[in-house]
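Visitor: I have a structure open and I'd like to learn how to read it feature by feature. Can you walk me through it?

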Amino acid sequence: MMYLDKKKLKIGRNDPCLCGSGRKYKKCCLLKGKQPESQSVEAQYFSKYKIRLKKAEDIEAIRKAGRLVLETLDLAESAIRPGIATGELDTLIHKFTLARGATPAPLNYRGFPKSCCISVNEVICHGIPGERILKDGDIVNVDVTSVLDGYFADANKTFFVGTPSADARKIVSVARESLRVGMNAVRPGNTIGDIGWAIQKYAESERCSIVREFVGHGVGFAFHEAPQVPHYGSRGDGVALTPGMVFTIEPMINLGKKDLKVLKDKWTAVTRDSSLSAQFEQTVLVTETGFESMTPYD
């Protein structure tokens, strides 16, 4: 594991040269026998990883958008009950978001037809709200991304509908704890791989599986930015974390096997074995000493 020196970022032979020539380091400054001119950490991370670090004013704007996301999730939770259609929840979320001067990021994103994702029971993610009626004993994930003053924040929670079964309680508990252990791995000098390793170690110890096809992502200036944040992996792998990085951690945990299939609507991902799936997500900022959630909930 490498602790990031804020004044110097190690550059590999095949990485883009930090001098800005556009050539690989080995065919540029290394070939000339000199060190490339130093760049700021912000410039280095964008040059090497396409990661856009956030400044203080950006962080405050994302934090503000995050507060709206949490209010929206609270509104959804208050409306969830047996007998309500997922489409009704989407309408409620859509109107609330617009009334607060924001826009719902999912609406029309790559053709997605609704303002949030609502995923019930065996649906892993990207459930399209519609006519499905929630029933007693269901679990339902509501995923909200709001755009406020041009900044994005993203979070989701899985809720019980009525009285949950023992299996429902277990998968929701494991998914919630998976997010917590992943967030606790966030600190300068750790890596993206450390986050995935912590989640994988915990979830698999509970005999649950982790979805591989969908990952966390950078967020703030856009809906999806670099880096990708897998919820499985090896310690020390991947990009070193540095202050100013903002990304989501959103482990999707299955009670059965990890395998999935995407339905004919080309969005809804479900467990192949029809087992329950749950997810929790927060938008996280890497700070000088650890992390701060931009969408904090217990």
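Guide: Sure, let's start with the naming: helices (H or I, at least four residues) and strands (E, at least two) are DSSP runs, numbered from the N terminus. With that, we can place a residue: Arg235 lies in the loop between β8 and β9 (246–249). Keep in mind that this is a predicted model.

Visitor: How many helices and strands are there in the chain?

Guide: The chain has five helices and 15 strands. Of its 298 residues, 53% are buried. As for contacts with a separation of 6 or more, 66% of them join residues 24 or more positions apart.

Visitor: Back to Arg235, then. Is it buried or exposed?

Guide: The cut-off for exposed is over 50% relative accessible area. Arg235 comes in at 54%, so it counts as exposed.

Visitor: And which ring does the charged end of Arg235 sit over?

Guide: The ring of Trp197, at 4.4 Å from its centre. In sequence Arg235 and Trp197 are 38 residues apart, while their C-alpha atoms are 5.9 Å apart in space. If you skip the neighbours within four places in sequence, Arg235 is in contact with Gly193, Asp194 and Trp197.

Visitor: Where else does an arginine lie over a ring face?

Guide: Look at Arg212, which lies over the face of Tyr232 at 4.7 Å from the ring centre. Both of those residues also show up around Gln200: beyond its neighbours within four places in sequence, Gln200 is in contact with Ile210, Arg212, His231, Tyr232 and Gly233. Gln200 itself belongs to helix α5 (residues 192–205), and with a relative accessibility of 17% it counts as buried.

Visitor: Now for helix packing. How do I describe two packed helices?

Guide: You give the angle between their axes and the distance between the axes. Here, try helix α2 (residues 56–79) and helix α3 (residues 86–99): their axes come within 10 Å and cross at roughly 145 degrees. That crossing is right-handed.

Visitor: Which residues meet where α2 and α3 touch?

Guide: From α2 you have Leu68, Glu71, Thr72, Leu75, Ala76 and Ala79, and from α3 Leu89, Leu92, Ile93, Phe96 and Thr97. By type, the residues of this contact are eight nonpolar, two polar and one charged.

Visitor: What does Val142 touch, leaving aside its neighbours within four places in sequence?

Guide: Its contacts include Ala76 and Ile93, along with Leu73, Ile80 and Cys117. Ala155, Asn156, Lys157 and Phe159 are also in contact with Val142. Val142 is found in strand β4, and a relative accessible area of 0% means that Val142 is buried. Between the C-alpha atoms of Val142 and Cys117 there are 6.0 Å, for 25 residues in sequence.

Visitor: On to the aromatics. How many aromatic pairs does the structure hold?

Guide: Five. Take Tyr151 and Phe221: their ring centres are 6.0 Å apart and their planes are at 50 degrees, so this pair is tilted. Tyr151 is in strand β5 (residues 151–160) and Phe221 in the loop between β7 (216–218) and β8 (225–229), so the pair ties together parts that are 70 residues apart in sequence. Tyr151 counts as buried at 18% relative accessibility, whereas Phe221 counts as partly exposed at 27%. There's also a cluster, in which ring pairs link Tyr109, Phe152 and Phe223.

Visitor: What about the backbone? Which peptide bond is cis?

Guide: The one from Ala226 to Pro227, with omega near 5 degrees. You'll find Pro227 in strand β8.

Visitor: And which residue other than glycine has a positive phi near 65 degrees?

Guide: That's His126, found in the loop between β3 (123–125) and β4 (139–148). His126 has a relative accessible area of 25%, so it is partly exposed. Have a look at Arg110 too: it isn't a glycine, but its phi is positive at about 50 degrees. Arg110 is in the loop between β1 (103–104) and β2 (117–120), and its relative accessible area of 69% makes it exposed.

Definitions and conventions:
Residues numbered from 1 in each chain as written. Predicted model: local features only at pLDDT ≥ 70, side-chain atom pairs only at ≥ 80, totals over all residues. Heavy atoms only, no water. Axes fitted to C-alpha atoms, helices over the stretch in contact; angles between N-to-C directions. Left-handed = near helix turned anticlockwise from the far one by under 90°. Contact = heavy atoms within 4.5 Å. Nonpolar A, V, L, I, M, F, W, Y, C, P; charged D, E, K, R; others polar. Phe/Tyr/Trp six-rings, centres within 6.5 Å; stacked < 30°, edge-to-face > 60°. Buried < 20%, exposed > 50% of the residue type's maximum accessible area, 1.4 Å probe, protein only. Lys NZ or Arg CZ within 6 Å of the ring centre and 35° of its normal.
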